[in-house]
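Hello,

Here is the structure I promised to pass on. Please open it alongside this message; my notes follow below.

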Amino acid sequence: MKTKTFKTTWWNIRRSPYQAFAAVFVMSLTFLFISFFTFLLFGSSKAISYFESRPQVTAFFKNDVKKADIDNLKSQLMETGKISNVKFVSQQDALNIYKEQNKNDPLLLELVTADILPASLEISTIKIEDLSTINNMLKNSPLVSEVVFQKDVVSVLTSWTNALRGIGLSLIIVLSLVSIFIMVTIIGVKISHKKEDIEIMRLIGADRWYVRWPFILEGISYGIVGAILGWVISSGALWIATPALSSFLKGMSIFPVSLLFLFGMLGVEIIVAVVLGALSSFLAVLRYLK
Amino acid sequence: MIRLDKVSKQFSTGVFALSDISFEIEKGEFVFLIGPTGSGKTTIFRLLTRETLPTSGEVIVDNWDVVKLPSNKISHLRKKIGVVFQDLKLLMDRTIFENVILPLEVSGIESVAATKIVEEIMEKVGILQHRDKFPIQLSGGELQRAAIARALTLEPDVLLADEPTGNLDQVTAMEIVNLLSEINKKGTTIMMATHNEDIIKALSKRVIALNNGKLIGITGKKPKASIEHSDKKSANIEVKEKKSEDRPEEEFNPVIKKEDENEDF
């Protein structure tokens with residue numbers, strides 16, 4: 001491809017700035033949505049991983065329970081063959097965890113001692129459906145004061161994420177189709193405006209691709225500029241919202257989102273933009289340049 | 001160089017633009033194509049550049065069978081044929097220089113070399129001083145020269161000029177014809193469609209006359225070499241040429257002659 005092709009492309013874009021603006025605008029909207037949707041999916045998958053990595057059942061013991069009784073209960077649990085992991089957290093361990101979580105708040109640290117924090121067993125099952133059995137077993141134990149059961153949290157979050165994924169993908173497909181139709185129309189109008197020029201070029205010996213390339217490059221350019229704009233806006237919004245979101249989702253290691261992830265996303269979006277732009281302009285060329 | 005053999009072209013409306021046309025033009029010849037509006041002159045040019053296909057017959061340009069030419073070779077054919085279109089077909093939003101350089105750009109010739117070629121040709125046709133002007137700023141004669149310059153940039157073997165003097169005064173028209181004649185002397189085969197009797201008289205070249213899509217006569221002398229090498233397919237054309245050779249050169253005026261014979265022509 002010659003430099004002249006790029007010059008012709010740039011010339012075509014400059015010749016009709018409003019059409020170029022419309023094309024870039026619709027592409028930016030599409031990629032803005034794609035970026036936000038990607039952030040949402042990334043965040044929710046991180047949240048699910050966070051909850052899945054937590055103990056699935058936590059049994060808190062009464063204060064007067066002896067370590068030997070707890071070990072006995074632990075053995076009974078292991079004998080069921082349904083347990084993948086059991087971890088004993090003593091009162092002192094619990095205090096250490098509490099101190100770590102609230103190290104920035106001295107007032108909360110002053111008021112708490114190991115005595116008021118219960119010892120606990122953090123249990124994970126091999127199969128998620130066995131959680132209910134273990135939950136019932138622990139609840140019936142006279143040693144246990146409270147059982148925290150995280151199955152609902154994970155399943156609700158998973159179903160929300162799946163729903164989001166479905167809705168988001170459908171919207172992305174619809175937006176991409178709208179972008180393609182708008183781009184085909186814009187490039188088609190441009191081809192129609194240049195019909196006489198194209199005819200002259202063909203008559204003096206221009207081959208098909210000499211005529212086609214500038215239009216295809218134009219579509220690709222709109223796609224790339226749209227993708228970059230969409231990415232810049234969405235990443236900027238994420239950067240502004242990061243302090244608020246990281247305090248709201250405390251404990252989950254989502255924020256700050258890594259630059260590697262952001263630039264990786266930009267790379268993928270540019271590839272998608274090239275495909276969308278090339279596809280739409282090629283469709284326009286096939287339709288209007290017979 | 002150029003051969004049309006029993007070529008007919010029927011439009012979708014059923015009208016015949018050309019009926020059973022046969023003639024041959026040798027390399028380096030200058031031939032006039034004459035006939036009233038609608039006689040089929042432009043259709044012949046369009047057939048030669050594969051803008052359209054004949055309904056029947058054979059069209060040969062420099063050993064290329066234009067009818068059977070694959071679509072991906074059409075651009076190659078068009079680069080071998082320079083065309084001065086009747087309506088010039090200059091791009092109005094480009095300068096004269098940008099218009100003239102277009103065939104070189106289309107052929108992928110490097111910019112510096114292309115600029116040199118274009119400047120030389122513009123100098124030759126006398127429009128170098130107008131290189132940065134737009135077509136709307138030039139006179140009819142200057143625009144014709146620009147169109148000729150564009151047709152010459154790829155040094156074509158054949159130059160087709162479709163009524164290049166149509167809207168010009170007599171003096172400017174003769175300047176254009178002299179320019180084409182100079183180009184022809186350097187070896188380019190030229191086929192020029194015209195109505196201008198003075199030009200035909202002045203140059204004393206072969207004339208192919210058409211009327212209502214039919215060949216009504218070929219007059220003037222064919223170069224000796226071409227007569228010797230003609231095949232049997234063009235035998236009927238030779239007969240017509242022999243007839244024309246019998247007439248004294250100064251009496252030959254196909255346009256007036258035919259008008260006398262047939263008012264439609």
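B:Glu163 sits in a loop of chain B, between strand 7 (158-162) and helix 6 (170-185). Please keep in mind that this is a predicted model. The phi angle of B:Glu163 is near 45 degrees. That is a positive value, and the residue is not glycine. Is B:Glu163 buried or exposed? B:Glu163 has 20 C-beta neighbours inside 10 Å, so it counts as buried. The cut-off for buried is 20 or more.

Now a second residue with positive phi. B:Lys89 has phi near 55 degrees, and it too is a residue other than glycine. Where is B:Lys89? Look in the loop between strand 6 (81-84) and helix 3 of chain B. B:Lys89 has 18 C-beta neighbours inside 10 Å, so it counts as partly exposed.

Next, the contact between the chains. On chain B, 14 residues are in contact with 11 residues of chain A. Which elements of chain B give two or more residues to the side that touches chain A? They are helix 2 (74-80) and helix 3 (96-106) of chain B. Helix 3 of chain B gives the most, with 4 residues. This is the helix that follows the loop holding B:Lys89.

What is that side of chain B made of? Its residues divide into 5 nonpolar, 4 polar and 5 charged.

To find your way around, start at B:Glu163 in its loop after strand 7. Then go to B:Lys89 in the loop after strand 6. Finish at helix 3 of chain B, on the side that touches chain A.

Best wishes

Conventions: Residues numbered from 1 in each chain as written. Chains lettered and ligands numbered in written order. Predicted model: local features only at pLDDT ≥ 70, side-chain atom pairs only at ≥ 80, totals over all residues. Contact = placed C-beta atoms within 7 Å. Nonpolar A, V, L, I, M, F, W, Y, C, P; charged D, E, K, R; others polar. Buried ≥ 20, exposed ≤ 12 C-beta atoms within 10 Å, placed from the backbone.
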